[in-house]
Amino acid sequence: MTISARDLEQLRSSLPLLSVEQLSTTFVSGDWRVAAVRGVSFSIARGETLVLLGESGSGKSVTARSILRLYGPRTELKGRVMLDGIDLVQATQNDVNHLRGSRMGLVSQDPGSALDPVRRVGSQLREVLRVHQPALSRNEAAARAIDLLTLVGLPDPTRAARSYPHELSGGMRQRVVIALAVSCEPDLLIADEPTTALDVTVQAQILELIGELKGRLGMGTLLVTHDVGVARQMADRVAVMYAGRIVEQGAADQVLGDPAHPYTAALLAALPTSGAVRGSLLPIPGRPPQPGELGSGCPFAPRCRFADEACAAEEPALTPVPGRGAAACIRPLTMAGTMAGSRT
Amino acid sequence: MSTLSSEVRLAPRLAPADALPSEAVTRRRKSLGLAATAAAVLVGATVLAAVLAPVIAPYAPNVGITADRLAGFGSHGHLLGTDGQGRDVLSRLIWGARLSLLTGFVPVAVAGTVGTALGVIAGLAGRTLHGTVMRTLDVFYAFPAVLLAITIAAALGSGISNAIIALTVILIPPIARVAETETARLRRADFLEAAAASGARRSSVAVRQVLPNVAPAITVYCTTLVGLSIVYAAGLSFLGLGVSPPTAEWGLMISDARQYIYSAPMVALAPAFAILLASVAFNVLGDGMRRVLDVRSENFA
Amino acid sequence: MSALLEARGLRMTYGNGVRAVDDVDIDIEPGETFGLVGESGCGKSTTAKVILRLEAGQAETMRFEDADLMAAKGAELRRLRARLQVVPQHPATSLNPRLRVSESIVFNLRAHGWSRADRAPRVAELLDRVGLAAQQGRAYPHELSGGQLQRAAIARALATDPRLVICDEAVSALDKSVQAQVLNLLVQLQRDLGIAYLFISHDLSVVEHVSDRVAVMYLGRVVEEGPAEELWARPLHPYTQALLSAEPGQGRERIVLQGDPPSPSDPPSGCTFRTRCAYATEVCAGDRPPLIEITPGHRVACTLHPHPEALLA
């Protein structure tokens with residue numbers, strides 16, 4: 001693997017905020033082991049949005065949650081997760097708890113479960129603020145809580161602060177969760193399917209809010225989604241996950257416009273797009289493998305139209321593709337034209 | 001007795017599903033487990049002994065030899081000794097298993113059928129019928145189960161069939177409640193909506209769609225109730241409301257042995273132990289079956 | 001040719017006064033796909049349940065295959081139900097977990113008097129039609145994947161030769177790569193069997209892809225309806241415009257609506273969308289705007305598009 005002088009220069013100029021190296025997450029229950037994430041590496045710079053795109057069971061959410069160390073003792077974490085020089089895999093649970101909230105914020109899919117149902121929204125915000133900033137007085141914390149609720153665009157922040165979570169709509173609850181996540185101005189925002197449970201018009205509001213906050217607070221953002229549209233709208237770079245691995249990574253325009261990995265290409269082709277002839281979608285045959293169903297070769301090979309015996313031999317590593325990002329495929333697609341031609 | 005009555009009065013809650021919802025876990029083949037297998041063997045052995053009583057019982061159950069009365073444990077020819085009338089305790093236990101098991105199984109079987117039907121109908125019915133059925137059952141719930149059984153048995157007069165009727169009546173409400181809870185849990189499931197939209201008769205939906213989902217939980221619950229029913233039946237016999245002497249029945253055996261409780265406690269302890277063992281065995285077996293039958297492991301939206 | 005389903009003035013009011021469906025008209029022609037879109041709580045699924053006679057709604061008229069579906073009871077309703085089927089949303093619960101897939105299909109056949117001898121070949125034919133192997137017919141639902149489960153649910157719906165199949169978010173829970181398989185299957189079945197679909201979804205691109213005509217619902221009412229292509233090319237109602245633009249990752253200029261939909265228990269007077277509408281005026285608070293036909297088949301309920309006669313006056 002060669003690194004050009006230009007690449008080196010880029011590396012120096014932007015030391016990543018988060019760098020994940022060979023992260024593996026294995027769930028253990030008795031003699032039963034499931035490797036949900038198998039050697040994932042990526043980095044996020046300050047102010048950058050990386051989208052982890054994948055279907056259910058691809059390991060995208062597990063990756064995000066592993067970074068936050070949200071799993072219990074029956075989980076094996078391997079690899080390195082460096083947040084500004086601190087290895088989150090090695091750090092003590094106490095340190096991680098402190099970093100969560102102060103330097104990393106989480107927005108998850110279900111706003112209901114992130115909030116305490118029996119406490120008012122304002123009180124929950126004040127608590128988080130005072131845990132991470134003990135110097136804050138009661139009144140300062142209260143004022144800051146209202147500021148935050150204003151920041152996330154709640155129409156009547158004072159009233160929202162006095163509300164219980166169930167008194168708010170789904171969209172408003174997700175705004176509150178975002179307020180909690182950014183309350184201590186974290187460097188890294190991890191958003192795990194933040195809009196999946198929301199209606200499309202509310203989703204548009206929340207995505208706009210996340211984009212706006214990212215700009216204002218200069219946060220790096222890890223956005224986990226299954227929705228290609230969301231990825232297209234939000235991502236600077238995209239990492240596509242399949243069967244616990246990143247199979248393609250690169251600039252959003254390139255990955256979603258001119259994919260190098262056959263899986264990414266097939267996923268895009270399966271989407272119903274405006275003007276597609278009805279009934280002529282190009283589905284991917286079969287279904288994604290479950291953890292534990294993996295053979296030795298490329299995990300996508302059984303569903304790949306380009307696969308042959310060579311693909312079954314060995315699982316390909318994520319390798320740079322000339323002029324594009326990186327793909328884990330022994331024969332990456334070269335040009336959009338070639339791919340389209342070979343599909344007929 | 002008061003602890004037992006509260007056992008029945010409390011609406012039974014079945015254990016929550018395995019904490020790990022992963023498919024790989026729920027799909028692993030489940031076995032009964034050691035304790036439940038032992039319990040199953042014990043239940044099987046008791047049933048077998050009851051059926052084969054005429055063959056395996058060393059003595060006639062109701063004929064005593066006065067000279068041998070109150071022989072101790074392990075005395076010659078009488079493994080478990082003899083009672084106050086010189087009857088062989090082991091033989092009476094074996095013969096008694098027939099009636100005790102009968103009073104365990106029959107009320108539960110009848111109450112299981114009636115209770116399940118009531119519960120499923122109530123669970124699927126509109127508000128009025130549901131309310132009528134469930135409130136009527138609540139009336140029965142209002143009385144302690146044992147007291148109710150004694151009252152009914154006393155009103156009907158002593159005798160085994162009356163004891164069985166009394167036990168059946170008190171077992172219907174808790175079973176119906178389990179069935180109703182299970183049915184209500186399914187009510188909003190997509191497949192029941194599809195079944196309702198299929199054009200099938202409601203009775204067909206109840207029998208072919210709902211029942212297979214309710215049956216495992218009912219089976220598990222009824223298994224544990226068999227043990228309880230045996231205990232209650234013994235209690236009724238003890239009070240003279242069940243079978244009448246000299247018939248061999250576990251509860252009656254304890255009652256007979258009362259007068260020697262200080263001089264020869266073993267005569268009472270043998271049937272008491274049999275009742276305890278049967279009750280525990282059915283409970284443990286029920287727990288094991290819960291695992292095997294996968295009760296409460298599907299998630300319904 | 002008369003409509004397959006002709007529903008006028010569908011209403012569903014719950015006991016607490018919430019008007020989940022408020023005067024909705026739906027006509028579906030034989031063999032067409034009618035899409036129903038809207039956000040959660042807009043009443044699209046309730047509309048389906050009223051049509052399926054699973055909710056006790058009201059209607060001025062509701063005719064299906066020239067029979068009065070609203071008044072039908074007993075044997076007549078059961079007969080109609082053979083022709084009007086549903087594919088539910090959640091793969092995990094759309095089939096009875098305690099029954100084999102084939103038993104779920106047989107249940108529908110038995111309900112309509114199929115003899116024992118005819119059932120087995122019919123099940124085999126249906127499984128084949130939806131692309132399931134015979135072995136998968138013998139499986140229990142937990143042994144199948146989400147896509148296979150929805151195929152099985154489709155096979156069950158097809159068992160009694162329906163003319164109208166209501167797909168209530170039938171592909172929404174599936175991964176996109178699998179969703180495309182099921183969508184292609186639905187289209188193929190429509191071509192082969194001439195069934196009509198009432199296709200309910202919150203996923204706009206899916207509805208656009210499969211539908212001939214589409215109605216957009218907001219707070220229990222249809223605010224716009226028209227041919228799918230035209231609706232997407234020229235949405236007239238401000239809500240439709242915002243809804244279509246909100247879909248992430250497509251070219252439209254985004255119109256971000258303020259706030260949340262109002263509570264259905266206390267809807268605004270007049271046009272229910274006016275509280276979030278950028279164009280709202282006092283007029284909108286007055287009478288409820290009726291659906292007005294702008295171009296053939298394209299109707300909108302908005303004061304911005306007044307009735308031609310009102311313009312003349």
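**Notes on the chain A, B and C model**

1. Let's start with the contact between chains A and C: together they bury about 2900 Å², and 53% of that is on carbon and sulfur atoms. A:Thr201, A:Pro272 and A:Arg278 are worth finding on screen, since this trio supplies 25% of the area that chain A buries against chain C, more than any other three residues. One caution before going on: this is a predicted model.

2. How many residues does each chain bring to that contact? Chain A puts in 38 residues and chain C puts in 36 residues. As for why area is the number quoted above, the size of an interface is often given as the accessible area lost when the parts come together.

3. Now for charges across the A and C interface. The count there is one salt bridge. The partners are C:Asp212 and A:Arg278, and their closest N and O atoms are 3.0 Å apart. So A:Arg278 turns up twice in this note: it is in the salt bridge with C:Asp212, and it is also one of the three residues that supply 25% of the area chain A buries against chain C.

4. Polar contacts come next. Between chain A and chain C, 17 residue pairs are in polar contact, counting pairs with both residues at pLDDT 80 or more. Which elements of chain A give two or more residues to the side that touches chain C? They are helix 8 (170-181), helix 9 (200-217) and helix 10 (228-234). Helix 9 of chain A gives the most, with eight residues. Sorted by class, this side of chain A has 17 nonpolar, 13 polar and eight charged residues.

5. Over to the other contact of chain C, the one with chain B. Here the buried area is about 2300 Å², with carbon and sulfur atoms giving 54% of it. The residues to click on are C:Thr93, C:Arg98 and C:Phe107, which supply 32% of the area that chain C buries against chain B, more than any other three residues. In residue numbers, chain C contributes 28 and chain B contributes 26.

6. The count between chain C and chain B is also one salt bridge. Which side chains meet in this salt bridge? C:Lys49 and B:Glu193 do, at 3.9 Å from N to O. For polar contacts between chain C and chain B, the count is nine residue pairs, both residues being at pLDDT 80 or more.

7. On the side of chain C that touches chain B, the elements giving two or more residues are helix 2 (74-83), strand 6 (84-87) and helix 3 (101-111) of chain C. Helix 3 of chain C gives the most to this side, with four residues. The class split for this side is twelve nonpolar, nine polar and seven charged.

8. Staying in chain C, have a look at the open sheet. Four strands make it up in the order 2-1-4-5, with antiparallel pairing. Strand 2 (19-28) and strand 5 (67-68) stand at the edges with a single partner strand each, so one side of each has no neighbour in the sheet. Further in, strand 1 (residues 5-13) and strand 4 (residues 61-64) run antiparallel and are joined by four bridges. To see the pairing for yourself, find C:Arg8, which stands opposite C:Thr61 in strand 4 of chain C.

9. Two residues have backbone angles I'd flag for a second look. Most residues other than glycine have a negative phi. C:Asp66, in the loop between strand 4 and strand 5 of chain C, has a positive phi near 65°. A:Gln22, in strand 1 (residues 18-29) of chain A, has a positive phi near 50°. Are these two buried or exposed? C:Asp66 is exposed, with a relative accessible area of 55%, and A:Gln22 counts as exposed at 51%.

10. Last, a small stop at A:Pro320, which lies in strand 11 (residues 319-320) of chain A. A:Pro320 is partly exposed, at a relative accessible area of 48%. Setting aside neighbours within four places in sequence, A:Pro320 is in contact with A:Gly325 and A:Ala326. How far apart in space are A:Pro320 and A:Thr334? The two are 12 Å apart, C-alpha to C-alpha, and 14 residues apart in sequence.

Conventions: Residues are numbered from 1 along each chain as its sequence is written. Chains are lettered from A and ligands numbered from 1 in the order in which they are written. This is a predicted model: local features need pLDDT of at least 70, side-chain atom pairs count only at pLDDT 80 or more; totals for chains, interfaces and linings use all residues. Side-chain values use heavy atoms; hydrogens and water are left out. Buried means under 20% relative accessible area, exposed over 50%, partly exposed in between (1.4 Å probe, protein chains only). Contact means heavy atoms within 4.5 Å. Two strands pair if DSSP finds at least two bridges between them. Buried area is the accessible area (1.4 Å probe) that two parts lose on being put together, summed over both. A salt bridge is a side-chain nitrogen of Lys or Arg within 4 Å of a carboxyl oxygen of Asp or Glu. A polar contact is a pair of N or O atoms within 3.5 Å; within protein, one must be able to donate a hydrogen and the other to accept it, and residues adjacent in sequence count only if both atoms are side-chain atoms. Ala, Val, Leu, Ile, Met, Phe, Trp, Tyr, Cys and Pro count as nonpolar, Asp, Glu, Lys and Arg as charged, and the others, Gly among them, as polar.
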